[in-house]
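Grab a pencil and work through a few exercises on this protein chain. Each one has a task and then a solution that goes step by step.

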Amino acid sequence: MRRTRILTAVLALSAGLLAGSQPALAAGTEKVSVAADTYTWKNARIDGGGFVPGIVFNRKEKNLAYARTDIGGAYRWAESSKTWTPLLDSIGWDNWGHTGVVSLASDTVDPSKVYAAVGTYTNSWDPKNGAVLRSADRGATWQKADLPFKLGGNMPGRGMGERLAVDPNRNSVLYLGAPSGKGLWRSTDSGATWSQVTNFPNAGNYVQDPSDTSGYASDNQGIVWVTFDESTGSSGNATKTVYVGVADKDNAVYRSTDAGATWSRLPGQPTGYLAHKGVLDATNGYLYLAYSDKGGPYDGGKGQLWRYATATGTWTNISPVAEADTYYGFAGLTVDRQKPGTVMATAYSSWWPDTQIFRSTDSGGTWTKAWDYTSYPNRSNRFTMDVSSSPWLTWGANPSPPEQTPKLGWMTEALEIDPFNSDRMMYGTGATIYGTENLTRWDGGTQFTIKPMVQGLEETAVNDLASPPSGAPLLSALGDIGGFRHTDLTKVPSLMYTSPNFTTTTSLDYAESNPGTVVRVGNLDSGPHIAFSTDNGANWFAGTDPSGVSEGGTVAAAADGSRFVWSPTGTGVQYTTGFGNSWSASSGIPAGAIVESDRVDPKTFYGFKSGKFYVSTDGGATFAASNATGLPSGDSVRFKALPGTKGDIWLAGGAADGAYGLWHSTDGGATFAKLSGVEQADTIGFGKAAPGASYQTLYTSAKIGGVRGIFRSTDKGATWTRINDDAHQWGWTGAAITGDPRIYGRVYVSTNGRGVVYGDTSGAGGGETDPGPDPEPGPEPTGACAVTYKITNEWSGGFQADVQLTNTGTSAWSGWSLNWSFPGGQTISQLWNADHTQSGASVTVKNVNWNAAVAAGSSVGFGFTGSWSGSNTKPTAFRLGDQTCTVN
C-alpha cells in the first residue's frame, strides 16, 4: 500500500527540493566529487516492503528479468544468487522524482538494452517532468531523454501497462503511453529523442476522482499499454501491427496495421471497463485483455477477461467467473511462452479474504483457481506459502477463516511466467514479490510452493531512525509497514512492530540513559496512535490517546524514560509521566511543533515551529520560546540534542527561498550559530567519535561546497567529508539520519523508497564495534520457571514459533540459558532476541546483554523460524540450568 508515500513527497517538496536542477543522469554531465573516504553501502535487510507494479522478462535471453517499483527505482534479477540488483541508486536529490518508475522495457533484439520511463507524480508534488532512461549495459549506466510532460510512477493506474515498449523486430522504434492527455509518443532512435504520434485518436479520459483538487486522483490516466504483434514484422523492419490500451471505458483498445501510420478503434470490443493489460499470444493468434471497472491499484469492484482472435476479429468472453460474482477487477495477465495455450490472471483488487489467481491451459476455455472454498469459510489451496525468508509477511496476524496468513497477496497487478521456464512464475504485491519454481504442479493436482523472491529489492519509505547505545543497533520508523527492530542488519527481522501495528510509524525515540525504554507514534485507521516498549523494542504495549489525535506526529522520551512529550496531529502538544495512561496539555508551544528531548536532563524538552525554538525545563508541562533568531521560517526542520552533553543542540532544515542550513546551540537553544560552510542541510545525526576525537561524529544529508550528498564531520562541523558518491545517492534522503554510537563511521540513511541504507568506512578505526566491557556472568538462575511454546505459522517443511520464558520464582535472574530437545527432527534456521546453538535435536538458547535481567514474576521472549520433516511436534520438556520448567 502506498497512501503514505504521497505525504512523503509533499514533505520533500517543502524541504526545498526545487533548489538546483543539475540532471544527475544526463549524458555528458560533469561529475563533481568531494569524497575523501571510501564507504561500503548496504541495506538493512527488510526484503520488499512496497508495491511492485511491474515485472518484465526478456524474451530472448534466459534469466534476464527486471522489476519496477512505484517510488523505489528499478531492479535487475541476478540468477546466480536469486537476488535483485538496484539500478537507479545514482538518481540524485534534484531529480528525486525519477525514482518512481511507471514502465520498463527490455529489448528482445539486443538484450543488453533496457529502458525505464520515470517520474513520480503528474501533479505539483513532483516539480520535474518525466524522462525515459536508456541503458546499453542492462542498467549499470544510463542516459536520459527528458520529456515535455510528467509521468506518474506513484499515481493511480500505475499497475496498468506496460506503457513503454520496444519493437521486437526494429528495436530502434519504441512507443510510450503518456498520462494527463499527452497522448502516444514514439522514438525512432532507440529512445534518444521522442515525438508525439499526432494522429493517434484518443489520449484517454478516465480519472479516478474528478473532484480531487490536488490533481492526484483527478488526473487523466491516459494511455496505459502498448503491445506488438511480432508475427507481423521481420528482422530489421518495423512491426506492422501494434495494439494500444487507453484509459477510456468505451474505447479501450486501438490498433495499427501499418506500423503506426494510421490507427483505429478495435471493432467489437467490450465497453464499460478499462483494459489494465493486453498480452499477445502470437503463436495462436490471440490478444488477451484483463478488464476492471477502475484504474487500480487499490480500487476495482467488477471485471472481465476477454480474448480477441487477431485473424478473424472474434471476441470471446473468457472470464473465469461470472461478472455478477466478481467484487474485483482483473489485472495481472501472462501467457506461458513455452506452452502458449496456458494463460494466467489475477483478481488484483480482491483484498478480502485474499487475492485470487486463475489458470487456464486451453486458451481461456476453462479455468482453475489458486484456492477454492470447500465448505465456507474453509478453503482448499493449490499452493503452500513459505515465508521463512521474510517472516514479517504474516503481519503477526491470526485471522479467522476464510482469511489466512500469510496472504497470497493484494494489489497483484504484475504477474509473469518465465518465458523460458514454465515452472517459474513471479508476481508483485503491495508488499513483496512472490514466486514459485514448481508452478506446473498446479496442473497435476499437487500443491506448488510460493516463496518471496524479493531479496535485494528494498522498497520502504523511512520516516525516522534511531541507534541506541545498547540493545538493537537499529530501530526504524517506516511508511506502510510500521517499522522494525534490527538486531542483525544482514537478516530480515521476524516481524514489524506489533501491539499495535501502525500502518505508518511517523516518529520514535528511546531514553538515552535507559535504552530499554522506547516509544513510537504513528497512524492507524482505528486504535491508539502511541506505543511503548520496556525491552528495547522487542515487545510493545499500546498507550492511551488524548482526545482529538488523528495521526502520529512526533514524540520524545525523557533521558531516563520517566516521562514523554508528544506532538500528535489533531491536537496540541501533550506530556505525561509513566507510559501515557493520561495526558496533559503542554502550554507555551503551538500545535504541530516538532518535539525532542535533552539527552542528559530528563526534565528538559525542546520544540520547534515556524521559525521559533521552544524549551521546557519542567518535563514538558510548560514551554517558553527562546530568543534565537535567524532559524528557518518553515517547518521542514529536524533537530537533535547531543547525547552526553546537556543543552548541546543541532538543527538542520529550511527552504531555498529562505534560511537553509545547519545551526548549533550550546546553551540549550537560547542562541544558535549558523555553520557558514553548509549551504543546505536537511538531517542531523550523531555517531561514535573518531579515533582520537573527543566530540561525537556528525552526519547530515546536505549541500556543501556546491555538492549534494551524505556528509560526515569528526571535528564538530569545522570540516566535512562527503562519504557517498554519485553512484550512491538514492534520490531524496531528507527524513532522518543517525550514526551508530558503537561503531565509528557507521551511518544509517533514510530514503524515500529504497529502505534503510547503511554505510561503513574503510578508514582507520571504521567498522570496529565498541561493545563496552563484557558483562559479569550472573549466577545460574534458581527457582521456578514456566515456558509457553507457540507455533505461530506453519508451512510445508517450515514453521515459525514464539517462546516465552517466565520467572515464576521469588528472585531476579541476571542471566538465563534455556534447553530443550526437538522431538520431530526440527532445525532452527534463524532466531531473534537471544543467542542459540543446536546439536542434533538438542537446543540451547541464551540471553543477550539487553534481556539478561528477568525480575521475579516477569517474562522474556524470543522467536525463531525453522524447518521440519516428518512431524512438527512441540517440545514437552524445558530446563533452565538444573531447573525443570512448567510447560504451559
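Before you start, one term: two strands count as paired if DSSP finds at least two bridges between them. Keep in mind that the model is a predicted one.

**Exercise 1. Get the overall picture**

Task: Work out how the chain is built and whether it is compact or extended for its length.

Solution:
- Start with the secondary structure: the chain has two helices and 69 strands.
- Next, take the radius of gyration, which is 28 Å, close to the 29 Å that the globule rule gives for 888 residues, so the chain is as compact as a globular protein of that length.
- Then look at the extents: along its principal axes, the C-alpha trace spans about 85 × 65 × 50 Å.
- Now check burial: 60% of the 888 residues count as buried.
- For the surface, the chain exposes about 30100 Å², with carbon and sulfur atoms supplying 48% of it.
- Last, the contacts: of those between residues at least 6 apart in sequence, 56% join residues at least 24 apart.

**Exercise 2. Trace an open sheet**

Task: Find the order of the four strands in the open sheet that has antiparallel pairing, and name its edge strands.

Solution:
- Reading across the sheet, the order is E6-E7-E8-E9, with antiparallel pairing.
- The edges are E6 (101-106) and E9 (143-146), each of which pairs on one side only.
- On average, neighbouring strands here are turned by 20° against each other, direction ignored.
- Zoom in on E7 (residues 114-118) and E8 (residues 131-135): five bridges link them in the antiparallel sense.
- As a landmark for this pair, find Val-118, which stands opposite Ala-131 in E8.

**Exercise 3. A strand covered on both faces**

Task: Say which strands pair with E23, and whether its faces are covered or open.

Solution:
- On one pairing, E22 (residues 333-335) joins E23 in the antiparallel sense over three bridges. Leu-333 has Ala-345 of E23 as its bridge partner.
- On another, four bridges join E23 to E24 (residues 357-360), again antiparallel. Here Thr-346 stands opposite Ile-357 in E24.
- Now the faces of E23 (residues 343-346): Val-343 and Ala-345 point to one side, Met-344 and Thr-346 to the other, and all are buried, so both faces are covered.

**Exercise 4. Two polar residues in loops**

Task: Decide whether Asn-202 and Glu-162 are buried or exposed, and find what their side chains reach.

Solution for Asn-202:
- Locate Asn-202 in the loop between E13 (195-196) and E14 (223-228).
- Its relative accessible area is 11%, and the cut-off for buried is under 20%, so Asn-202 is buried.
- A polar atom of the Asn-202 side chain lies 2.8 Å from the backbone nitrogen of Gly-204.
- Leaving out residues up to four places away in sequence, Asn-202 touches Ile-223, Val-246, Asp-248, Asn-251 and Tyr-254.

Solution for Glu-162:
- Locate Glu-162 in the loop between E9 and E10 (164-166).
- With a relative accessible area of 17%, Glu-162 is buried too.
- Its side chain reaches the backbone nitrogen of Leu-104 at 2.9 Å.
- Beyond residues up to four places away in sequence, Glu-162 touches several residues, among them Val-102, Ser-103, Leu-104, Arg-68 and Trp-225.
- To tie this to Exercise 2, note that edge strand E6 covers 101-106, and that Glu-162 touches Val-102, Ser-103 and Leu-104.

Notes: Residues are numbered from 1 along each chain as its sequence is written. This is a predicted model: local features need pLDDT of at least 70, side-chain atom pairs count only at pLDDT 80 or more; totals for chains, interfaces and linings use all residues. Side-chain values use heavy atoms; hydrogens and water are left out. Axes are lines fitted to C-alpha atoms, for helices over the stretch in contact, and angles run from 0 to 180 degrees between N-to-C directions. Buried means under 20% relative accessible area, exposed over 50%, partly exposed in between (1.4 Å probe, protein chains only). A polar contact is a pair of N or O atoms within 3.5 Å; within protein, one must be able to donate a hydrogen and the other to accept it, and residues adjacent in sequence count only if both atoms are side-chain atoms. Contact means heavy atoms within 4.5 Å. The radius of gyration is taken over C-alpha atoms; the globule rule is 2.2 Å times the number of residues to the power 0.38. Accessible areas come from the Shrake-Rupley method with a 1.4 Å probe; for residues, only the protein chains shown count as cover.
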